[in-house]
Amino acid sequence: MKIDILLGLQWGDEGKGKVVDALCPAYDVVARFQGGPNAGHSLEFNNVKHVLHLIPSGIFHPEKLNIIGNGVVLDPAVFKCEIENLGPTVEELAGRLILSAKAHLILPTHRILDAAYENHKGNLRIGSTLKGIGPAYTDKAGRNGLRIGDILNPDFMKLYEEHRSAHLMILSNYNLAYDLKEYEKGWFEGIELLKKFRIENTEYLLNNLLSQGKKILAEGAQGTMLDLDFGSYPFVTSSSTISSGACTGLGISPGKIGEVFGIFKAYCTRVGSGPFPTELKEETGELLRKKGSEFGATTGRPRRCGWLDLPALRYAIMINGVTKLFMMKSDILSGFKTVRVCTSYKVAGKTQAEIPFDNNVDIEPVYAELDGWSEDITGIRQYPDLPLNLRKYIGFIEDQTGLPITIVSVGPDRNATIFR
Ligand code: GDP
Ligand code: IMO
Ligand code: MG
């Protein structure tokens with residue numbers, strides 16, 4: 001048995017939460033492999049929308065197991081809020097949500113450091129969600145981190161205080177007002193809550209589940225273009241958002257990877273700073289934002305919107321070894337007379353397929369223009385019933401990427417999903 005991976009191919013918010021929830025009936029286990037409370041994964045059923053940040057998107061299926069892997073950074077305060085908002089009792093949830101002892105903790109001072117660093121960056125601000133992600137992963141890589149397993153150490157309080165002191169020393173160099181006590185209250189309540197859950201070396205558990213023939217879906221957060229190595233550095237997140245991140249973030253060997261499902265919006269969005277070649281800064285972008293309700297699920301910030309970017313999509317497919325594509329938010333493109341797709345970039349007068357290294361290079365997108373469609377497609381459940389021009393749009397992307405689009409999403413609800 002192999003583990004399948006679902007990950008974002010763009011700048012995050014592709015609809016991972018919705019699609020993991022929709023795919024869940026075919027799996028036994030859902031495991032998050034990286035990121036932390038910077039993620040906001042929305043899913044919708046029975047006319048109620050839920051947003052998850054740390055908890056895997058399989059949690060609304062009571063018979064499925066959910067695992068938070070070692071590659072995640074976890075803020076206990078956020079974890080507590082999320083658990084309390086879910087509905088079922090802690091005891092019930094503890095039976096089907098297991099945490100890696102090796103996942104790193106986001107400390108209250110990590111959040112403050114995030115704000116201090118971001119303020120200091122001036123024009124080079126990343127537009128971080130300010131959830132403490134960068135500082136927590138920095139401490140992990142610097143071998144200064146605290147992990148979930150450490151909370152069971154009788155000397156945990158001492159360890160915590162040592163880390164806090166080190167952070168406060170750094171913070172004394174920044175001119176930033178903060179209320180640490182306020183953060184710490186919820187954080188320590190979260191620590192107590194964490195102790196009610198199974199905390200273990202989930203790499204053994206996951207590999208054992210695989211050998212028992214269980215079907216596992218690895219759920220990515222953020223997107224390939226925000227990857228620490230392959231995104232538009234420094235305008236990226238601090239984790240490995242790509243398929244290899246699922247190996248290191250869960251303890252699964254590359255040979256045990258099955259399908260790599262790459263998900264993308266039928267257009268593009270980005271929240272935060274950084275290059276975005278197809279960004280539409282005029283009324284079409286505004287219209288996409290309005291029709292697509294493109295406001296961040298974690299911070300509420302308006303998302304930047306633009307046409308589909310094939311050079312970026314092909315790059316993401318290459319880096320991840322994507323085997324199948326899922327296209328999300330297809331319904332949002334209904335009503336445009338024509339739709340555009342960027343097929344290559346023009347840099348200094350020359351056409352190129354590659355993404356330039358330098359973020360400051362001027363990129364002129366080269367567009368193909370396709371006829372639009374006007375029908376409301378949110379009620380359609382069979383592929384042949386989709387408007388011809390949408391099917392042509394899908395065919396065009398399949399030709400350009402060489403991969404099949406096997407899911408077409410036509411609305412936020414878990415049922416608004418066309419499987420081909
Ligand atoms: P994630 O971070 O990848 O899980 O995506 P987000 O939840 O941050 O953003 C996706 C948004 O689009 C959410 O509000 C979803 O409810 C919504 N959504 C997902 N798929 C579709 C779709 O096919 N059509 C529409 N209209 N909305 C969708
Ligand atoms: P999901 O999982 C979209 C962006 C931030 C910022 C950059 C760094 O919901 O797709 P960080 O908080 O990691 O320091 O922010 O990355 N970002 C996201 N954008 N979706 C996300 O997650 C994101 N997580 C981080 O806006 O530009
Ligand atoms: Mg999101």
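**A walk through the helices, loops and metal site**

Helices α6 and α7 cross in a right-handed sense. The contact is built from F156, M157, Y160, R164 and L168 on the α6 side, and from L180, E184, W187, F188 and I191 on the α7 side. Keep in mind as you look around that this is a predicted model.

How should we describe such a pair? Two packed helices are described by the angle between their axes and by the distance between those axes. For α6 (residues 156–171) and α7 (residues 180–194), the angle is about 150° and the axes are 14 Å apart. Angles over 145 degrees count as roughly antiparallel, and α6 and α7 are therefore roughly antiparallel to each other. As for the residues doing the touching, it helps to remember that an α-helix has 3.6 residues a turn, so residues three or four places apart point the same way. With that in mind, go back to the α6 side of the contact, where the list includes Y160, R164 and L168.

Now stay on α7 and pick out one residue. E184 sits in this helix, and is it buried or exposed? Its relative accessible area is 6%, and anything under 20% counts as buried, so E184 is buried. Leaving aside residues up to four places away in sequence, E184 touches P108, Y160 and R164. Two of those names should ring a bell: Y160 and R164 are among the α6 residues that make the contact with α7. For a sense of scale, try going from E184 to I418: the two are 234 residues apart in sequence, and their C-alpha atoms are 45 Å apart in space.

Helix α7 has another partner, α2 (residues 76–86), and here the axes come within 7 Å and cross at roughly 65°. That angle makes α2 roughly perpendicular to α7. The crossing of α2 and α7 is left-handed. From α2, the contact uses P76, A77, F79, K80 and I83; from α7, it uses G186, W187, E189, G190, I191, L193 and L194. W187 and I191 appear in this contact, and W187 and I191 also belong to the α7 side of the contact with α6.

Next, look at the helices from the point of view of burial. In α5 (133–141), the buried residues are I133, G134, P135, A136, Y137 and D139. What do they pack against? The buried residues of α5 meet β6 (73–74), β8 (104–105), α4 (108–120) and α6. Helix α8 (residues 202–211) has 7 of its 10 residues buried, so the rest of the structure largely encloses it. The buried ones in α8 are T202, E203, L205, L206, N207, L209 and L210.

The backbone has a few twists worth a stop. As background, most residues other than glycine have a negative phi, and most peptide bonds are trans. Just after α8, G213 has a positive phi of about 85°. Just after α5, R143 takes a positive phi too, of about 60°, and R143 is not a glycine. R143 lies in the loop between α5 and α6 and is exposed, with a relative accessible area of 75%. Q222 is another residue other than glycine with a positive phi, near 55°. Q222, however, counts as buried at 8% relative accessibility. Its place is the loop between β10 and α9. P234 lies in the loop between β10 (216–219) and α9 (243–250), and a cis peptide bond joins Y233 to P234, with omega about 5°.

Let's turn to the metal. Which protein residues act as donors to the magnesium ion (ligand 3)? They are D13, through OD, and G40, through O, at 2.1 to 2.2 Å from the ion. The two come from distant parts of the chain, 27 residues apart: D13 is in the loop between β1 (3–8) and α1 (16–23), and G40 is in the loop between β2 (29–32) and β3 (41–45). G40 is buried, with a relative accessible area of 11%.

Finally, the cysteines. A disulfide is a covalent bond between the sulfur atoms of two cysteines. How many turn up in a search of the whole structure? The search finds 0 disulfides. C81 is partly exposed, with a relative accessible area of 46%, whereas C247 counts as buried at 14%.

Technical notes: Residues are numbered from 1 along each chain as its sequence is written. Chains are lettered from A and ligands numbered from 1 in the order in which they are written. This is a predicted model: local features need pLDDT of at least 70, side-chain atom pairs count only at pLDDT 80 or more; totals for chains, interfaces and linings use all residues. Side-chain values use heavy atoms; hydrogens and water are left out. Donors are N, O and S atoms within 2.8 Å of the metal (3.2 Å for Na, K and Ca); water is not among the atoms, so sites may look incomplete. Helices (H or I, at least four residues) and strands (E, at least two) are DSSP runs, numbered from the N terminus. Buried means under 20% relative accessible area, exposed over 50%, partly exposed in between (1.4 Å probe, protein chains only). A disulfide is a pair of cysteine sulfur atoms within 2.5 Å. Axes are lines fitted to C-alpha atoms, for helices over the stretch in contact, and angles run from 0 to 180 degrees between N-to-C directions. Angles under 35 degrees count as roughly parallel, over 145 as roughly antiparallel, 65 to 115 as roughly perpendicular and the rest as oblique. A crossing is left-handed if the near helix is turned anticlockwise from the far one by less than a right angle, and right-handed if clockwise. Contact means heavy atoms within 4.5 Å.
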